[in-house]
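Welcome! Below you will find a sequence and a structure, and then a short guided tour of what can be read from them.

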Amino acid sequence: MNKQTMSKPIIEIQDISKEFGSGPNKVEALTNVDLKVDSGEFISLIGPSGCGKSTLLRVIGDLISPTTGSAQVKEKSVAQARTDRDYGIVFQAPVLFEWRNVRRNIELPLQVMGVPKSEWTERVDAQLELVGLQDFDSHYPWQLSGGMQQRVAIARALVFRPSILLMDEPFGALDEMTREYMNLELLNIYTRTDVTIIFVTHSIPEAVFLSTRVAVMSKRPGTISHVVPIELPHPRSFDTRETSQYFELVTEVREALREH
Amino acid sequence: MGNIQFPARKQTNSTSQLNAKKANLASRAWKLMRKRSEFVLLPMFLILVLGLWYLIIEIKDLPQFILPPPESVWKKLIQVIEDGSLKINVGFTMKAAGYGFAAAFGFAGVVGYILGKSPLMEKFLSPYLVAAQTVPLIAIAPLLVVWLGFGIASKIFIAFVIGFFPMLVNVIVGIRLVNEDQRELMRSYSASWWQLFSKLEFPSALPVLLGGLKIGITMAITGALVGEYVGARYGLGSMIIHAKETFRTSEVFVIIFTLVSINVILYALASMVEAILLSGRKREESV
Ligand SMILES: Nc1ncnc2c1ncn2[C@@H]1O[C@H](COP(=O)(O)OP(=O)(O)OP(=O)(O)O)[C@@H](O)[C@H]1O
Ligand SMILES: [Mg+2]
């Protein structure tokens, strides 16, 4: 299945750099980052800890602004894209509102974005089912395990149907079984919708299994050193992980990472 | 993923289980005692105080105007209730404290929000706020009464000033403690100023805010009393002064008990409101 139909890239990043602080405390988090993402792609960012993956994601999401360079989304500024609510974001931590129960947490973006109230229940129910938390809608975050909290965060990011999903190690806190299940679910969501996903991970197998391309980042100052296209056919399943093509790609990404 | 269920309570009707039931009752009483210890400890404490009170009068043979016996305090209480003087004075003090508290709450809310959001403003204003806080209010209270009169205005003002600072500090702390990631999440939704405030900042700061509220209520009452001590026709503070000057010590006791009761009741009410507003949250920050 080839979802790349639009000719213009949906995300276009040109020569971005980002510095934090100044003087002796200056940290160069990103240098010369270029990235073009076509609509409907699934890009994984992989690289050593502290190489600027989260920073790059936050630049795309207009949560911080780059020191130099330009970032455009759908041929408009990232700021405009944020105002247009093009982004769904899943952070490394669940970031739930502790005074809201699960249902009301997932309702939050609908509420803020002014989605008619009559649609809330149906939409939230669909997300709850997707992440397997139907029985927990009235629980509060502190009553859930870390993995369950993260699934609530994913449901919350999907509920308003953003065109771009920015995910920062969303499954890092999950156990291996849940993680594999969530991988399949994410692929499921990805193939059923035309969402474009930027996905930060530390796991090479996960990156290969999910992505259409894996962007390998080098150590600080972070930049994209290799881009490995993943031509595994869709739909992918557990069996995909046993093909020789899959193993070759995992090796390729691993070697790209090792070069630094 | 199953439901979380409590184990069903086993029902037994056999008479041989009666003892077990009694034991169960005892253990429940014990549980109540541990959970709501004030129901048991408070009466015990009162009995102890009364006992000591009689003992001191007995041993020291004190005259009425130094330490009146409990029954004359009781008689006085009935009297000031019946002649309506307690009601008028409680009303006056509560009115002054109430207005002062409301003003302090509103003002601390607005100023605290601005200072909490803008470190620059805080840097600029905090020297003045600290300076204002160090002014001994008791010392300038007479001046305030001269300026604002013997009426309720001067009392409201003093209650306001005393209640303002603890609440201001709590509002600032509450706004500062809002989680940065949660702010970013709201930012990613392009939330408006009002949405950010009503959906994140306010609920997030609420526990700290309520803590400030509890302190503020008590402080406002103290403020009103200070104003009344300095000069007033009505209010519990002026009532104490008059009673003391005419050696009606039992009346002083009545007023002290009244004040303690008011504070306890208000504190309990505030705690109840707190419990309702914070229901569902993990209870860790409540004091
Ligand atoms: N707000 C900030 N202020 C100062 N320095 C920052 C800030 N955010 C990130 N950095 C620095 O920028 C660099 C990149 O951080 P970033 O969080 O993007 O790394 P990462 O690749 O996501 O790492 P990890 O895999 O551990 O999450 C780090 O050296 C970090 O110390
Ligand atoms: Mg990171």
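## Charges in chain B

Let us begin with charge. Chain B carries 28 positive and 17 negative charges, and the mean positions of these two groups lie 8 Å apart. Please keep in mind as you read that this is a predicted model.

## The build of chain B

Which elements make up chain B? There are 11 helices and zero strands, so reading from the N terminus gives the run α-α-α-α-α-α-α-α-α-α-α. How spread out is this chain? Its radius of gyration is 25 Å, whereas the globule rule gives 19 Å for 287 residues; chain B is therefore more spread out than a compact globule. Along the principal axes, its C-alpha atoms fill a box of roughly 75 × 70 × 30 Å.

Of the 287 residues in chain B, 37% are buried. The chain exposes about 18000 Å², with carbon and sulfur atoms supplying 70% of that area. Now look at contacts between residues with a separation of 6 or more: in chain B, 72% of them join residues 24 or more positions apart.

## The build of chain A

Chain A has both kinds of element, with eight helices and 10 strands. A compact globule of 260 residues would have a radius of gyration near 18 Å, and chain A has 18 Å, so the two agree. Its C-alpha trace spans about 50 × 45 × 40 Å along the principal axes.

What share of the 260 residues in chain A is buried? The answer is 57%. About 11200 Å² of chain A is exposed, and carbon and sulfur atoms supply 47% of this. Among its contacts with a separation of 6 or more, 69% are between residues 24 or more positions apart. As for charge, chain A holds 28 positive and 34 negative charges, whose mean positions are 5 Å apart.

## A close look at Ser188(B)

Now let us zoom in on one residue. Ser188(B) sits in helix H8 of chain B, which covers residues 180-188. Is Ser188(B) buried or exposed? Its relative accessibility is 1%, and because buried means under 20%, Ser188(B) counts as buried.

What does Ser188(B) touch? Leaving aside residues up to four places away in sequence, Ser188(B) touches Leu63(A), Arg82(A) and Ile89(A), which are residues of chain A. Within chain B, the side chain of Ser188(B) reaches the backbone oxygen of Leu185(B) at 2.8 Å.

How values were computed
Residues are numbered from 1 along each chain as its sequence is written. Chains are lettered from A and ligands numbered from 1 in the order in which they are written. This is a predicted model: local features need pLDDT of at least 70, side-chain atom pairs count only at pLDDT 80 or more; totals for chains, interfaces and linings use all residues. Side-chain values use heavy atoms; hydrogens and water are left out. Helices (H or I, at least four residues) and strands (E, at least two) are DSSP runs, numbered from the N terminus. Buried means under 20% relative accessible area, exposed over 50%, partly exposed in between (1.4 Å probe, protein chains only). A polar contact is a pair of N or O atoms within 3.5 Å; within protein, one must be able to donate a hydrogen and the other to accept it, and residues adjacent in sequence count only if both atoms are side-chain atoms. Contact means heavy atoms within 4.5 Å. The radius of gyration is taken over C-alpha atoms; the globule rule is 2.2 Å times the number of residues to the power 0.38. Accessible areas come from the Shrake-Rupley method with a 1.4 Å probe; for residues, only the protein chains shown count as cover. Lys and Arg count as positive and Asp and Glu as negative; His and the chain ends are not counted. The place of a charge is taken as NZ of Lys, CZ of Arg, CG of Asp or CD of Glu.
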